[in-house]
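Reader: Hi, I have a structure here and would like to talk it through with you. Shall we begin?

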Amino acid sequence: MSVYGHFNAQYHGNKIKFPEDSFLIAGISNYQEHLKNINFDNKLILQLEPTNIYDPTAIEIIYNNNRIGYVPNKEPYKTLCLENIDYKLKIINIKKEPDNNNFGIRVILDK
C-alpha cells in the first residue's frame, strides 16, 4: 500500500484522486527490466539529459543507477521538476498489469 492508501487493485475499476502535482513516469514501458524489486520505500533521482536527441531539456528518472523513464514533457510537471532537480521523487502508486507484469509508477516530488 502507498502512503496515500492506494492499492494496485484500485487502478482497475475504482477512480483514485491523486495529488495534482503527481505524475506517471513517461516511457517506463521501455525500461521494465530495471523495475524488479521496486517498492514504495524507494526514492528516485531526477537527472538532466542534455544529449537526448528528441528533447535536450529531457529529465530522466533513475532507480538503482538505471534509467526507468522520464518526467512527462508537459506542464506543469516539466517545469516543476526542472525547478526542483535536486529533490528526489517518491512513489505514491505502483500499477502492475496482471496480463504482462508491466509496471506503471506514479510519483511526486519528495520535498
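Reader: Let me start with a single residue: is Asn 42 buried or exposed?

Author: Asn 42 is buried, with a relative accessible area of 18%. Please keep in mind that this is a predicted model.

Reader: Noted! Where is Asn 42 found?

Author: Asn 42 sits in the loop between S1 and S2.

Reader: And which residues does Asn 42 touch, leaving out those up to four places away in sequence?

Author: Asn 37, Tyr 63, Leu 89 and Ile 91. In addition, the Asn 42 side chain reaches the backbone nitrogen of Asn 39 at 2.6 Å.

Reader: Nice. Let's step back: what does the secondary structure of the protein come to?

Author: One helix and six strands. Read from the N terminus, the elements go β-β-β-β-α-β-β.

Reader: In what order do the strands sit in the sheet?

Author: The six strands form an open sheet with the order S1-S6-S5-S2-S3-S4, and the pairing is antiparallel. S1 and S4 are at the edges with a single partner strand each, so one side of each has no neighbour in the sheet.

Reader: How many bridges join S5 to S6?

Author: Eight bridges join strand S5, residues 88–96, to S6, and the two run antiparallel. One example is Ile 94, whose bridge partner in S6 is Ile 105. The hairpin of S5 and S6 has six residues between the strands, and there Asn 101 takes a positive phi near 65°.

Reader: What about S6 on its other side, how many bridges join S1 to S6?

Author: Two bridges, again antiparallel, with S1 covering residues 23–24. Leu 24 has Arg 106 as its bridge partner in S6. As for cover, seven of the eight residues of S6 (103–110) are buried.

Reader: And how many bridges join S2 to S5?

Author: Three bridges join S2, residues 43–48, to S5. Lys 43 has Lys 90 as its bridge partner in S5.

Reader: Lys 43 caught my eye. Which side chain does Lys 43 meet in a salt bridge?

Author: That of Asp 110, at 3.1 Å from N to O. The pair links distant parts of the chain, with Lys 43 in strand S2 and Asp 110 in strand S6, 67 residues apart. Lys 43 counts as partly exposed because its relative accessibility is 38%, and Asp 110 is also partly exposed, at 27%.

Reader: How many salt bridges are there by count?

Author: The count comes to four salt bridges. Among them, Arg 67 pairs with Glu 49, their closest N and O atoms being 2.9 Å apart. Arg 67 is in strand S4, whereas Glu 49 is in the loop between S2 and S3, 18 residues apart. Arg 67 also forms a salt bridge with Glu 60, at 2.6 Å between the closest N and O atoms.

Reader: Are those two Glu residues buried or exposed?

Author: Glu 49 is buried, with a relative accessible area of 10%. Glu 60 counts as buried too, at 7% relative accessibility. Salt bridges that share partners join Glu 49, Glu 60 and Arg 67 into one network.

Reader: Switching topic: how many aromatic pairs does a search of the whole structure find?

Author: One aromatic pair. Phe 23 and Tyr 77 form it, tilted, at 5.5 Å centre to centre with 45° between the planes. Phe 23 is in strand S1 and Tyr 77 is in helix H1, 54 residues apart in the chain. Both Phe 23 and Tyr 77 are buried.

Reader: Now the backbone. Which peptide bond is cis?

Author: The bond from Glu 75 to Pro 76 is cis, with omega near 5°. Pro 76 lies in the loop between strand S4 (66–70) and helix H1 (77–83). For context, most peptide bonds are trans.

Reader: And what is phi of Asn 64 and of Asn 65?

Author: Phi is near 50° for Asn 64 and near 65° for Asn 65. Asn 64 is found in the loop between S3 (59–63) and S4, and Asn 65 is in that loop as well. Asn 64 is exposed, with a relative accessible area of 56%, and Asn 65 is exposed at 76%.

Reader: Last one: what share of the residues count as buried?

Author: Of the protein's 111 residues, 41% count as buried. The protein exposes about 6,800 Å², and carbon and sulfur atoms supply 48% of it.

Notes. Residues are numbered from 1 along each chain as its sequence is written. This is a predicted model: local features need pLDDT of at least 70, side-chain atom pairs count only at pLDDT 80 or more; totals for chains, interfaces and linings use all residues. Side-chain values use heavy atoms; hydrogens and water are left out. Helices (H or I, at least four residues) and strands (E, at least two) are DSSP runs, numbered from the N terminus. Buried means under 20% relative accessible area, exposed over 50%, partly exposed in between (1.4 Å probe, protein chains only). Accessible areas come from the Shrake-Rupley method with a 1.4 Å probe; for residues, only the protein chains shown count as cover. Two strands pair if DSSP finds at least two bridges between them. Rings of Phe, Tyr and Trp (its six-membered ring) pair if their centres lie within 6.5 Å; planes under 30 degrees apart count as stacked, over 60 as edge-to-face and the rest as tilted. A polar contact is a pair of N or O atoms within 3.5 Å; within protein, one must be able to donate a hydrogen and the other to accept it, and residues adjacent in sequence count only if both atoms are side-chain atoms. Contact means heavy atoms within 4.5 Å.
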